[in-house]
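Trainee: I would like a close look at the salt bridges in this model, with attention to where the partners sit and how exposed they are. Could you take me through them in one connected account?

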Amino acid sequence: MSFSGKYQLESQENFESFMKAIGLPDELIQKGKDIKSISEIEEDGDNFKVTVTTGSKILVNTFKIGEEAELETLTGEKAKAVVQRDGNKLTVILKGIESVTELVDGNTIVNTMTLGSIVYKRTSKRM
């Protein structure tokens, strides 16, 4: 299955506690908690471009599976990391956060980010 497509956030769990833990200011947490972000994924073989639009904030990351890439975090910091693929799962550890993005079926993506004991789960549906 291909990840390619546009997905809109449908539900999320532990948004506020996770964003506080990574150091996002309360003002931005309150602004962002009700925004239904749009994720656009372009997959070409092992090359990926992921664009996440949350209100006026746009986060773009490009990477090749298994190769080190500079990725932007949710807080806007840049860090080098390697994205791995295992079937329908993409996994990366970025600044102590383990992020797993799974294509559950042809229309649903579940992204789970774990920092210590806090697990932030986002479910998005294909548009």
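Mentor: What follows goes through the salt bridges one pair at a time and then turns to their surroundings. The model is a predicted one, and the count in it comes to 7 salt bridges.

Let me begin with Lys33 and Glu16, whose side chains meet in a salt bridge at 3.6 Å, N to O. Because Lys33 lies in the loop between α2 (26-32) and β2 while Glu16 belongs to helix α1 (residues 15-21), the pair ties together parts that are 17 residues apart in sequence. Lys33 is partly exposed, with a relative accessible area of 29%, and Glu16 is likewise partly exposed, at 32%.

The next pair is Lys57 with Glu72, a salt bridge in which the closest N and O atoms are 3.8 Å apart. Here the partners come from two strands, Lys57 from β4 and Glu72 from β5, so the pair ties together parts that are 15 residues apart in sequence. Lys57 is partly exposed, with a relative accessible area of 40%, whereas Glu72 is buried, with a relative accessible area of 17%, a value that falls under the 20% limit for that class.

A further salt bridge brings together the side chains of Glu77 and Lys95, at 3.4 Å, N to O. This pair links distant parts of the chain, since Glu77 sits in the loop between β5 and β6 and Lys95 in the loop between β8 and β9 (97-105), 18 residues apart. Glu77 is partly exposed, with a relative accessible area of 38%. Beyond the separate pairs, salt bridges that share partners join Lys57, Glu72 and Lys78 into one network.

The surroundings of Lys95 and of the loop that holds Glu77 can be followed through Thr73, which lies in the loop between β5 (68-72) and β6 (78-82). Leaving out residues up to four places away in sequence, Thr73 touches Leu59, Leu94 and Lys95. Thr73 counts as buried, at 10% relative accessibility, and its side chain makes a polar contact of 3.0 Å with the side chain of Thr75.

Strands that carry these charged partners also contribute to the nonpolar interior. The largest nonpolar core has 19 residues, and those that touch the most other members are Phe3, Ile41, Phe48, Phe63, Leu71, Val83 and Leu90. To this core β3, β4 (57-64), β5, β6 and β8 (89-94) each supply at least two residues. Apart from it lies another core, of 9 residues, including Met19, Ile22, Ile97 and Met113.

Key:
Residues are numbered from 1 along each chain as its sequence is written. This is a predicted model: local features need pLDDT of at least 70, side-chain atom pairs count only at pLDDT 80 or more; totals for chains, interfaces and linings use all residues. Side-chain values use heavy atoms; hydrogens and water are left out. Helices (H or I, at least four residues) and strands (E, at least two) are DSSP runs, numbered from the N terminus. Buried means under 20% relative accessible area, exposed over 50%, partly exposed in between (1.4 Å probe, protein chains only). A polar contact is a pair of N or O atoms within 3.5 Å; within protein, one must be able to donate a hydrogen and the other to accept it, and residues adjacent in sequence count only if both atoms are side-chain atoms. Contact means heavy atoms within 4.5 Å. A nonpolar core is a set of buried Ala, Val, Leu, Ile, Met, Phe, Trp, Tyr and Cys residues joined through side-chain atoms within 4.5 Å. A salt bridge is a side-chain nitrogen of Lys or Arg within 4 Å of a carboxyl oxygen of Asp or Glu.
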